[in-house]
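Colleague: Could you take a close look at one residue with me, and then set that residue within the whole protein? I would like a careful, connected account that a first-year student can follow.

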Amino acid sequence: MDHFIRSLLAIVFAWALPFPASADFASGKAAHDRGDYAQAFADFTAGAQSGDAQAQFWAGDMLLYGTGVERDYAGALRWFAEAAAKGHDRAQNNLGVMYQTGQGVEPDLERAAQYFAMAAEQGNTVSQVNLGRLHETGRGIRHDEQAALRWYLRAAKAGDARGQTNAGRMYLQGKGTAKQFNEAANWFRLAIEQGDAAAMNNLGVMHQNGFGVLPDKSEAKSLFTRAAEKGHVRAQINLAALHMAETDDPDRTVLAYMWFWIAQTSGSKTAAEGIGRLQAVMSAEEIARGQSMASAWLEARDEDTPR
């Protein structure tokens with residue numbers, strides 16, 4: 001455990017107390033739930049000014065996302081900081097994200113790691129995954145794959161799908177531990193139960209290659225398809241490649257082109273290269289069909305996306 005985490009433990013444990021809700025917070029939450037954001041922000045602000053940590057978090061959240069008010073990163077940072085100082089774990093996590101991404105502040109990965117650690121020690125699974133990722137990449141904190149796996153596992157065991165997927169990936173790749181394919185598959189399956197697309201893709205790769213599971217191209221294709229339909233770019237590329245390998249399917253190149261085209265709209269260079277290879281062997285009619293199918297898929301996705 002890092003020195004700065006140890007140094008914060010006493011503070012974190014002292015903070016782990018219920019937050020009393022003020023009348024302003026209660027009325028603000030009720031207004032927020034019914035969509036009256038102007039009233040909600042007024043109530044949250046009043047509660048925040050009186051020192052209510054819950055109200056401070058929600059006022060900051062509305063300012064961060066511009067929910068019914070003009071987006072104001074500086075204002076969000078102020079309220080999150082006040083709530084975080086009282087031990088509010090979600091505020092601590094949001095501060096970490098803001099320092100990590102440079103929202104309203106200069107990016108500061110070391111400071112982001114400190115806030116993630118505060119929230120992670122209180123059981124915030126989002127922060128546990130965020131802190132694990134920083135340990136895994138060595139950004140803002142020492143590179144330590146074993147520590148990364150420990151944080152992923154804490155989130156995973158608490159039921160967090162991202163934690164489960166990342167723990168499974170570490171076991172699959174042998175990062176922070178020896179490769180353990182059975183453990184990887186088990187964590188991926190748990191995450192898939194929650195609809196995690198990355199876990200679907202990863203278990204698909206295992207079935208495609210027979211890593212700790214029976215080789216099963218049909219199951220791999222099913223998993224890639226489920227993840228691809230959710231917008232997972234790597235799964236879309238894997239599905240396109242699988243279609244290309246199906247020599248008994250007369251539409252294989254059209255289907256591969258479709259999924260490569262969808263993936264390249266997300267900026268994938270690999271997908272763009274795949275399109276280039278296919279265009280060299282496809283007819284103009286086949287290319288037009290592939291593009292039309294991709295456009296229809298993208299339009300349907302956009303119609304289903306909440307606004």
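Modeller: In this predicted model, Gln128 has a relative accessible area of 3%, and because buried means under 20% relative accessible area, Gln128 counts as buried. Along the chain, Gln128 belongs to helix α8, which runs over residues 125-137. If we set aside residues up to four places away in sequence, the residues that Gln128 touches are Ala120, Gly123, Trp151, Arg154 and Ala155. Ala155 deserves a second look, since a polar atom of the Gln128 side chain lies 3.3 Å from the backbone nitrogen of Ala155; with the limit for a polar contact set at 3.5 Å, that distance of 3.3 Å can be compared directly with the cut-off.

Turning from this residue to the protein as a whole, we find 17 helices and 0 strands, and helix α8 is one of those helices. The protein has 307 residues, of which 47% count as buried, and Gln128 is among the buried ones. The C-alpha trace spans about 70 × 45 × 35 Å along its principal axes, while the accessible surface comes to about 14600 Å², with 51% of that area belonging to carbon and sulfur atoms. Among the contacts in the protein with a separation of 6 or more, 49% join residues that are 24 or more positions apart. Finally, the protein carries 30 positive and 36 negative charges, and the mean positions of these two groups are 5 Å apart.

Terms used. Residues numbered from 1 in each chain as written. Predicted model: local features only at pLDDT ≥ 70, side-chain atom pairs only at ≥ 80, totals over all residues. Heavy atoms only, no water. Helix = DSSP H or I, 4+ residues; strand = E, 2+ residues; numbered from the N terminus. Buried < 20%, exposed > 50% of the residue type's maximum accessible area, 1.4 Å probe, protein only. Polar contact = N/O pair within 3.5 Å; in protein donor to acceptor, adjacent residues only side chain to side chain. Contact = heavy atoms within 4.5 Å. Areas by Shrake-Rupley, 256 points an atom, 1.4 Å probe, with all protein chains shown as cover. Lys, Arg positive; Asp, Glu negative; His and termini not counted. Charge placed at Lys NZ, Arg CZ, Asp CG, Glu CD.
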